[in-house]
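This briefing is meant for a reader meeting the structure for the first time. Please keep the sequence and the model in view while reading the points below.

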Amino acid sequence: MVDEKGKNMKCLTFFLMLPETVKNRSKKSSKKGNSSSSSSSSSKLPPVCYEIITLKTKKKKKMAADIFPRKKPANTNTTAVQQYHQQNLNNNNTIPAPNWQGLYPTIRERYIYCDEIDLAADTVLATLYAAKKYIVPHLARACVNFLETSLSAKNACVLLSQSCLFEEPDLTQRCWEVIDAQAELALKSEGFCDIDFQTLESILRRETLNAKEIVVFEAALNWAEVECQRQELTATIDNKRKVLGKALYLIRIPTMALDDFANGAAQSGILTLNETNDIFLWYTAAKKPELQFVSKPRKGLVPQRCHRFQSCAYRSNQWRYRGRCDSIQFAVDKRVFIAGFGLYGSSCGSAEYSAKIELKRQGVILGQNLSKYFSDGSSNTFPVWFEYPVQIEPDTFYTASVILDGNELSYFGQEGMTEVQCGKVTVQFQCSSDSTNGTGVQGGQIPELIFYA
């Protein structure tokens, strides 16, 4: 038997997990009932929510599971549930544990009224907060999955901050992968200025940021300006330095190119005269002064190369370009970031090439760049980079293209493979209809994909 105190505690536990709208209706109903009932102490009415959870009454209330009969799920952990309830009985425990819902795999088994989950970018964080607060793991997982699929350089910094708040380590790791690989895009995003100070410090301290230090410096100043507004301070140089605090010294100013320092950081006003003078001496003097700033360059990320040909060759007529497009399609089995392509060069000595590289998905250009590279006459490949690494989602085909202009006598690949294993990433190749110069899976150009994973 459950005494009155036990019943009330059970009711309270359930009531705390109800949505606010249900709580409000319950409160109104309770007030209405109290006004019409007797004040006699011998006939106390139980709380309104007691009628929802009490199973032992004269007229048993029907639950959702009774109204809508269901088949028993094949994956229900019946043994675990029975053991849980038996343990409670043995311990004379009538109050369910806060995470009791975790034992039930379906929404209906938890007596939670729920429609189809329809998440949106502007409400998903609030929904995740509610799911965590009311211990609804099924909804929380759906929110995290939504955030992972919508993750990009534009929102990675904000989501990093939120993932730490919600204690979602998998989402945190995904955010770091995007921030490391697309650091310059992430640091230049508007969302970067919305992060808290602790997240700012963790990003500035990050060893694997794939960014120029002048970009890190400018991003920190942008954050400081917005932080001044949040603290209702005038955005003066002194106040910017004040809100940055010791985080300023996490910026590795001595590792900047000398031109970037002289034309950027040295003239920003954020550094004292002594700091500016010491950093200039650190660049030029044989005996370098001690600095408060970190002077060791960041490691960044090591690019990986996926080589799709088993050999290369050249003939008397070689590979001719004439402004035509060499193209190939590829897909990966996990998220990567394409940084550029490895291309062949001249087979008749050193030569300079002009290359227009492009990356598309379903006809939409995701990245492109026009640059020159110098080949030394060997059969090696030579890297050509995009301005920013391009995020590639798994299980979707993308089109890599290049238009080359240079010496007609160049190498080309042979014995192409349809599938290549590069570390933990599997890459599949197929022919592209955009290729008008002979490149395909078996042979041609674009021998390498350069990426971060």
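Isoleucine 135, just after helix 6, takes a positive phi of about 55°. The model is a predicted one, and the mean pLDDT of the chain is 81. The points below begin with helix 6 and then turn to the cores, the aromatic rings, the charges over rings, a loop residue and the confidence of the prediction.

**Helix 6**
- Helix 6 spans residues 124–133, and its buried residues are Val124, Leu128 and Ala131.
- These buried residues lie on the same side of helix 6, because they cover an arc of only 60° around the axis.
- An α-helix has 3.6 residues a turn, so residues three or four places apart point the same way.
- The partner against which the buried residues of helix 6 pack is helix 7 (137–149).

**Nonpolar cores**
- The largest nonpolar core has 59 residues, and those with the most contacts inside it are Phe192, Ile203, Phe217 and Ile253.
- Helix 12 (residues 213–230) gives the most to this core, contributing 10 residues.
- Not counting residues up to four places away in sequence, phenylalanine 192 touches Cys157, Ala186, Leu187, Leu200, Ile203, Ala219, Ala220 and Trp223.
- A second, separate core has 36 residues, including Ala313, Tyr321, Leu343 and Val390.
- In soluble globular proteins, nonpolar side chains tend to be buried together.

**Aromatic pairs**
- The structure holds 9 aromatic pairs.
- In one of them, the ring centres of phenylalanine 261 and tyrosine 283 are 5.6 Å apart and the planes are at 40°, so this pair is tilted.
- Phenylalanine 261 belongs to helix 14 (residues 258–263) and tyrosine 283 to helix 15 (residues 273–284), so that the pair links distant parts of the chain, 22 residues apart.
- Phenylalanine 261 counts as buried because its relative accessibility is 0%.
- The rings of phenylalanine 330 and tyrosine 398 have centres 6.1 Å apart and planes at 25°, so this pair is stacked.
- Because phenylalanine 330 lies in strand 3 (residues 326–332) and tyrosine 398 in strand 8 (residues 398–405), the pair ties together parts that are 68 residues apart in sequence.
- Both members of the stacked pair are buried: phenylalanine 330 has a relative accessible area of 0%, and tyrosine 398 has a relative accessibility of 1%.
- Phe261, Phe280, Trp282 and Tyr283 form one aromatic cluster.

**Charges over rings**
- Arginine 206 places its charged end over the ring of tryptophan 176, 4.1 Å from the ring centre.
- The charged end of arginine 308 sits over the ring of phenylalanine 429, at 5.7 Å from its centre.

**A buried loop residue**
- Glutamate 168 lies in the loop between helix 8 (156–165) and helix 9 (169–181).
- With a relative accessible area of 14%, glutamate 168 is buried.
- Leaving aside neighbours within four places in sequence, glutamate 168 is in contact with Lys132, Val144 and Ser163.

**Confidence of the prediction**
- Of the residues in the chain, 74% reach a pLDDT of 70 or more.
- Over residues 5–76 the pLDDT is below 50, and this stretch has 53 contacts in the model beyond near neighbours in sequence.
- Where pLDDT is low, the predicted coordinates should not be read in detail.

Note on methods
Residues numbered from 1 in each chain as written. Predicted model: local features only at pLDDT ≥ 70, side-chain atom pairs only at ≥ 80, totals over all residues. Heavy atoms only, no water. Helix = DSSP H or I, 4+ residues; strand = E, 2+ residues; numbered from the N terminus. Buried < 20%, exposed > 50% of the residue type's maximum accessible area, 1.4 Å probe, protein only. Contact = heavy atoms within 4.5 Å. Phe/Tyr/Trp six-rings, centres within 6.5 Å; stacked < 30°, edge-to-face > 60°. Lys NZ or Arg CZ within 6 Å of the ring centre and 35° of its normal. Core = buried A, V, L, I, M, F, W, Y, C linked by side-chain atoms within 4.5 Å. pLDDT = per-residue confidence, 0-100. Arc of directions from axis to C-beta.
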